[in-house]
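Me: I'd like to go through this model with you, a bit at a time. Can you take my questions as they come?
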Amino acid sequence: MASTEFTMRVWRGDSSGGNWNDYKVASEEGMVVLDVIHRIQATQAPDLACRWNCKAGKCGSCSAELNGKPRLMCMTRMNTFEPGQTITVAPIKTFPIIKDLVTDVSFNYEKAKTVPAFKPKPVEADGTHRMFQEDIDRVQEFHKCIECFLCQNVCHVIRDHEDNKPQFAGPRLFVRLAGLEMHPLDTNDRLELLKSKAGLGYCNITKCCTEVCPEHIRITDNAIIPLKERVVTEYYDPVAWLLRKVRGKRKVAAE
Amino acid sequence: MADTGKYETHEFDVIVIGAGGAGLRAAIESSAQGAKTALICKSLLGKAHTVMAEGGIAAALGNVYPEDNWKVHFRDTMRGGKMLNNWRMAQLHAQEAPARVLELEHWGALFDRTKDGRILQRDFGGHRYARLAHVGDRTGLEMIRTLQQHAVHRGIDVFMECNIQRLLKDGDHIAGAFGYWRESGKFVLFKAKAVVLASGGVGKAWKITSNSWECTGDGIALGADAGAELMDMEFIQFHPTGMVWPPSVRGILVTEGVRGDGGTLRNSTGKRFMFDYIPAFFKAETADNEAEADRWYEDKKNNRRTPDLLPRDEVARAINTEVKAGRGTPHGGVFLDISSRRDADYIKRRLPSMYHQFKELADVDITKEAMEVGPTCHYIMGGVRGNSDTTETRVPGLFVAGEAACGINGANRLGGNSLSDLVVFGRRAGLYAAEHAKARKGTVSIDDEQVEQTARSLLQVFNDSGTESPYAIHADLQDCMQANVGIIRTESELKTAIVEIPKLRERLGKARVEGNRQFNPGWHLALDLRSMLTVAEAVTLSALERKESRGGHTREDFPKTDTHFAKVNVVLRRAGDSFTVKQEPLPEMPDELKQLFEEKA
């Protein structure tokens, strides 16, 4: 089998600092970056830390920056690089380093705790819910999210501005919120949260998140922009405001 | 009395080890019952192996075929398991699965819909009617995310990237667990009135597997070490369709949904070979010619189902035989083709991640060409033995659910029955664990010596005298199990494995880990290897004991089913480094259930 040698320049270190280490490693047909990292662990650096689970693009654990581009290591084929090229492998930048390629992504889990829960309307008389495929298609797109946090990683609102993190939830959470807001059965209202605590207004739709999504979720067009429109309608549209006064609110504001 | 102040210590009513479908559902139920509950997992929350489940969750909702009901599902499950299943678990599973699926929907899951707005169901192997609720081919993701978010909103304490290494006991009773944080390598002690094992499968002991790094059989080893029994460990499911090319992705799962939605298997001569492998047991309900099988896709009432959808053990063995006979594909698999029956839009809508996976990893466009597939180690039917209703093991206070448990699937699991098993028995484990914790009198006391002994043994590999690399030992174990305890087994090879496994254990005793305790994969692997070796030995001993072929256990030297072994389970108990092995009679099925098997198919 044809084997090609690559130089992998891997960032190694912890919260106190670190540096680039070069590893020369052979790659065979079909191998992905994660295979090469595993080979480095098995043969040269047994304590090289990285996260991974499924190795098939389904769990979103092995996010890294490859030659500066945010990618899943398991879905990046080695033959997309020139033979002999030095490939840099760095941890995702937006989150604090734990060790080597492993970062502290707890920010995302903490933000998830603040999302008002799904609150379904009552079931039909037969004990089930009725929903039509065309009404759930757009929400199913959001449910494809594998929580790789690459969108969070490239979002310049938090990537270069640590001080924005407390008041900005990030694209992953906007996708989650859009999935709840557009869920045909949901009765919770999260617009106040989106406007204030989640910081939807910080997003100026540069679409960096959409570009890196390995699930090809159209984060900006299908999640963020419609949410922005809802917030505008809710808070800044006088006609909608008047209609609401007359007809009452569809949803009840969440705690 | 323990000097527990030495280690970070937490106290709970119930701790759940593992955060896949079973662990999440157990924690949700335990917490709903008012028990103070912790959920402990090796990875980040939401990354457990459940996330990789593709095809669907089996439940007799009757949305597509109103004729379907729990009795048909029960019958299919028992027949798929070659009648070795614990009948009571199979009954509870079939009866409760529909409520668990509707509950997921009520918690926010969005399954694909029928035209009249109900949950759509798809065909799968061994299920008489289209029965699998699904979301394209990413059902596991939908399920784990729904459960994860529900658990988070319940405020359950989650300990992520925390690896449990020993169950602690207070006399005979469970008392808690001891482990380490992957991030820091520091030890952590949990005091608990009840423990649920929901730590999943064992595939990482084999070379070609669909399983992730986590599937190292930790819960099975922990349970056995604590005094619980293991049962049915010889039954390993080799999923018939894993990717075979390129080598680095060998084993990655190709969902059975491909065949459920119209894909057919062919060998290198172009022949639909499954017609040559229809066992007598399934003859009455399986088409014996291509014309009828093709008609079945459109008219299921008047035609028998295609043999492409026989239970997984049958299809895996057939593929194995074809490849061995020289009728395999260039890369040693068979062809699986859906492009000739379905158009590109249909394939991309029904099987989006399969499309994506083949396109990105193998340069194959499944809407235009056939996939190459072959068997991959996927699931263990055996595991820790629990009570059929409460899931409690013979260790008071220790419960078990999901793939770490056994009984529901007998000798072979039907596709789709795993996701339903997770939520049916996950809920039961959480319910009875919480009840147990509430009823338990007195305080839980931790034995200092158990903790200290474990702490010492976990650090043993940090030494200067060791020579062995944990990565090399792991690779050798995988080769050993793949070669000697694979799909087709024979006494001489099983005996080779029984000699090799203790040697590998001896090498592990001389392992050396480089670096420090902070997020150190070499150290983690050395510790996981202990579980894998325990499981490997249990599987091999059980496989030697069962001198017949049945379900996920095929003996070349005993190729037929045997009437004696039809009536017994193989049960293991810890004895030093190894196990005692005995046969135990199956529980007797009540007459009203027996009747279901006497009716015509």
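Reply: Yes, and what follows covers the core, a helix residue and the contact between chains, all in a predicted model.

Me: How many residues are in the largest nonpolar core, and which have the most contacts inside it?
Reply: The largest nonpolar core has 253 residues, and those with the most contacts inside it are V14(B), I15(B), V16(B), V195(B) and V196(B). Helix α15 of chain B, residues 521-545, gives this core its largest share, 13 residues.

Me: What is V14(B) in contact with, leaving aside neighbours within four places in sequence?
Reply: With those neighbours set aside, the contacts of V14(B) include S30(B), A35(B) and T37(B), then A192(B), K193(B), A194(B) and V196(B), and also A433(B), A434(B) and A437(B).

Me: Switching topic: is V232(A) buried or exposed, and why?
Reply: V232(A) counts as exposed because it has 12 C-beta neighbours inside 10 Å, and the cut-off for exposed is 12 or fewer.

Me: And where is V232(A) placed?
Reply: V232(A) is in helix α9 of chain A, which covers residues 219-236. Its C-alpha atom is separated by 23 Å from that of D135(A), and these two residues are 97 apart along the chain.

Me: Now the two chains: how many residues of each are in contact?
Reply: On the chain B side 46 residues are in contact with 47 residues of chain A.

Me: Which helices of chain B supply at least two residues of that side?
Reply: They are α3 (87-106), α4 (139-154), α10 (352-362) and α15, with the largest share, 5 residues, coming from α4(B).

Me: What about nonpolar, polar and charged residues there?
Reply: The side of chain B that touches chain A divides into 18 nonpolar, 16 polar and 12 charged residues.

Note on methods
Residues numbered from 1 in each chain as written. Chains lettered and ligands numbered in written order. Predicted model: local features only at pLDDT ≥ 70, side-chain atom pairs only at ≥ 80, totals over all residues. Core = buried A, V, L, I, M, F, W, Y, C linked by C-beta atoms within 7 Å. Buried ≥ 20, exposed ≤ 12 C-beta atoms within 10 Å, placed from the backbone. Helix = DSSP H or I, 4+ residues; strand = E, 2+ residues; numbered from the N terminus. Contact = placed C-beta atoms within 7 Å. Nonpolar A, V, L, I, M, F, W, Y, C, P; charged D, E, K, R; others polar.
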